[in-house]
Amino acid sequence: MPSTDIPDLSILLRSAKRGDRDAFQQLAEPYRLELRLHCYRMLGSVHDAEDLVQETFLRAWRGLNGFEGRASFRGWLYRIATNACLNALTSRANARRALPETHGPPSDQPPDDEPATEVSWLEPYPDTALEGIADAAPSPEARYEMREAVQLAFVATIQHLPPRQRAVLLLRDVLGWTATETAALLDASVASVNSALQRARATLAKGFPTGRPSTNPAPDDRQRALLERYVRAWEGADLDGFVALLREDATLSMPPWRQWYLGREAIRAFFAWAWDWELPGCRRFRLVPIAANRQPAFALYRATRDDPEYRAHGIELLTLQDDAIAVLTVFRDPRLFAAFGLPTVLPTQGPVPSA
């Protein structure tokens, strides 16, 4: 595991152990972003990840005198964070978060009247929270690069792993820790770590027959033009224009609703129903470009005749293949807007915010 510990660690550590909170902050803050990403992969929730990082720092502060320096300070924080995540997962009735398409068969009916709040749904992760984290594999031990290991499909797939296998896979194949380092962190034997990793890789192979998630580079000129047409179609409620942008086998899901739709015609039928729910002209949409999970995304705002202000409606995450939309996931949870640094109501004047 490569060391990224900051200079003067010993001085800061002595000061922190004497009760200097500022010294502790200087020690811990450089690792906040990568720890939050690690907790997000473990838990599938941007909100839970933030809570677990706060818990990690609190545990580290309280237990600082027990840190003897045999491992790096970074590795010690990862040990605390990983075990905090495992404890959180153990205490849950359901240890994995899901997307509708991994929770049941596709539907040909409108969504239920009420969302399925009893299900723990996967959440998107803002790209702005990835800034400052290395975008390449951290060591030859790692199998996946950042762009692969943060994509929504990858995070959704590893949620199917038992928590301990999930931790082993992330430590070994994403962070690039050795089997010995991983075993020490989990208080396990090297043999058990290798066995868990083998089982985890076998599960991932079922979701990714090529052995790894496809890498989606930044959109090229043609795909940027496609995204511009997508915005125009949404904001104009242009059903034909919207459907023309989809692959024939495209999927649409809208957590926290269970229903999801497979194929261009099923998606057309859903939007024909959804966009006709109110009288024409009674609702309008605005899309603000953002990015999540290293994929194109939009913040969707909605206004109605009764409420003309554009209010937060959902976070749309797109997976593009060639010149078409393959997957559209609309996270219908306005609480996510805060994680993206977005307002819940668009300002009436000035530029539209962007994240």
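This is a short conversation about reading a predicted model of one protein chain.

Visitor: Where do I start with a predicted model like this one, and what average pLDDT does the protein chain have?

Guide: Start with confidence. The chain averages a pLDDT of 89, and 90% of the residues score at least 70. Broken down by element, strand β2 (residues 260-262) has the highest mean, at 98, while helix α6 (residues 146-149) has the lowest, at 85.

Visitor: Over which residues is the pLDDT below 50?

Guide: That would be residues 1-7. This stretch still has 20 contacts in the model beyond near neighbours in sequence. Where pLDDT is low, though, the predicted coordinates should not be read in detail.

Visitor: Okay, on to the fold. How many helices and strands are there in the protein chain?

Guide: Count 14 helices and 6 strands. For the overall packing, look at burial and contact range: 50% of the 355 residues are buried. Of the contacts between residues at least 6 apart in sequence, 66% join residues at least 24 apart. The accessible surface is about 16600 Å², and carbon and sulfur atoms account for 51% of it.

Visitor: How do I read the strand pairing, say for strand β1 (residues 246-253)?

Guide: Look at partners and direction. β1 pairs with strand β6 (residues 324-331) in parallel, through 4 bridges, and Thr251 stands opposite Val327 there. β1 also pairs with β2, this time antiparallel, over 3 bridges. In that pairing Leu252 faces Tyr261, and the two strands make a hairpin with 6 residues between them.

Visitor: Which way does strand β5 (residues 311-321) run against β4, parallel or antiparallel?

Guide: Antiparallel, with 6 bridges joining them. A hairpin of 6 residues connects β4 to β5, and Ala299 has Ile315 as its bridge partner.

Visitor: In a regular strand, where do the side chains point?

Guide: They alternate between the two faces of the sheet. With that in mind, check burial along β4, residues 295-304: 9 of the 10 residues are buried, so the strand is largely enclosed by the rest of the structure.

Visitor: What about aromatic residues: how many aromatic pairs does a search of the whole structure find?

Guide: It finds 21. When ring pairs share members, you can follow them as a cluster. One such cluster links Tyr230, Trp234, Phe242, Tyr261, Phe270, Phe271, Trp273, Trp275, Phe285 and Phe298. Tyr261 is also the residue opposite Leu252 in the β1 and β2 pairing.

Visitor: Which ring does the charged end of Arg286 sit over?

Guide: The ring of Tyr310, with the charged end 5.5 Å from its centre.

Visitor: Now single residues. Is Arg97 buried or exposed?

Guide: Compare its relative accessibility with the cut-off: buried means under 20%. Arg97 has 13%, so it counts as buried. Arg97 lies in the loop between α5 (73-90) and α6. Leaving aside residues up to four places away in sequence, Arg97 touches a set of residues including Asp48, Glu123, Trp121 and Gln159. Gly44 is another of its contacts; Arg97 and Gly44 are 53 residues apart in sequence, with their C-alpha atoms 5.9 Å apart.

Visitor: And what is the relative accessible area of Gln54?

Guide: Gln54 has 39%, which makes it partly exposed. Gln54 is in helix α4 (residues 46-62). Try the sequence-versus-space comparison here as well: Gln54 and Arg36 are 18 residues apart in sequence and 9.2 Å apart in space, C-alpha to C-alpha.

Definitions and conventions. Residues numbered from 1 in each chain as written. Predicted model: local features only at pLDDT ≥ 70, side-chain atom pairs only at ≥ 80, totals over all residues. Heavy atoms only, no water. Phe/Tyr/Trp six-rings, centres within 6.5 Å; stacked < 30°, edge-to-face > 60°. Lys NZ or Arg CZ within 6 Å of the ring centre and 35° of its normal. pLDDT = per-residue confidence, 0-100. Contact = heavy atoms within 4.5 Å. Buried < 20%, exposed > 50% of the residue type's maximum accessible area, 1.4 Å probe, protein only. Areas by Shrake-Rupley, 256 points an atom, 1.4 Å probe, with all protein chains shown as cover. Pairing = 2+ DSSP bridges.
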